[in-house]
Amino acid sequence: MQKLGLFLFIVSFVPWLVVLFIVPFLPLDITQKTTLSVVLAVGAEVCFWLSVVILGKEVVTKYRRYLHPRYLWKKIRNFHRR
């Protein structure tokens, strides 16, 4: 089950990359691009939240810690000091 959760977690980022880097360059109508983007975004979120349910609370707390603005600011400051 843990492998499935990790797989879903990783796969949940792929649709966002497709929305950012591939969909804008497809030869589709604007309404088709919008629909495709929404479907991919919803699919990504569903995969992410299913992975959170499967993997448990530990992953959520670790994810929140890494994305906390104070933690990110500290990492950016330390990167520039090198």
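These are my notes on the fold of the chain and on one residue, Ser37.

**Entry 1: the model.** I am working from a predicted model.

**Entry 2: secondary structure.** I looked up the elements of the chain and found five helices and zero strands. Read from the N terminus, their order is α-α-α-α-α. I then turned to the overall extent. The chain has a radius of gyration of 16 Å, whereas the globule rule gives 12 Å for 82 residues, so I record the chain as more spread out than a compact globule.

**Entry 3: dimensions and surface.** Along the principal axes, I note that the C-alpha atoms fill a box of roughly 45 × 40 × 15 Å. For the accessible surface of the chain I have about 6900 Å². Carbon and sulfur atoms account for 71% of that surface.

**Entry 4: burial and contacts.** I checked what share of the 82 residues is buried, and the figure is 22%. I also looked at contacts between residues at least 6 apart in sequence. Of these contacts, 59% join residues at least 24 apart.

**Entry 5: Ser37.** Which helix holds Ser37? I place Ser37 in helix H3, which covers residues 30-55. Is Ser37 buried or exposed? Its relative accessible area is 19%, and the cut-off for buried is under 20%, so I enter Ser37 as buried. Which residues does Ser37 touch, leaving aside those up to four places away in sequence? I find Val19 and Val23.

**Entry 6: recap.** I have a chain of five helices, with Ser37 of helix H3 in contact with Val19 and Val23.

Technical notes. Residues are numbered from 1 along each chain as its sequence is written. This is a predicted model: local features need pLDDT of at least 70, side-chain atom pairs count only at pLDDT 80 or more; totals for chains, interfaces and linings use all residues. Side-chain values use heavy atoms; hydrogens and water are left out. Helices (H or I, at least four residues) and strands (E, at least two) are DSSP runs, numbered from the N terminus. Buried means under 20% relative accessible area, exposed over 50%, partly exposed in between (1.4 Å probe, protein chains only). Contact means heavy atoms within 4.5 Å. The radius of gyration is taken over C-alpha atoms; the globule rule is 2.2 Å times the number of residues to the power 0.38. Accessible areas come from the Shrake-Rupley method with a 1.4 Å probe; for residues, only the protein chains shown count as cover.
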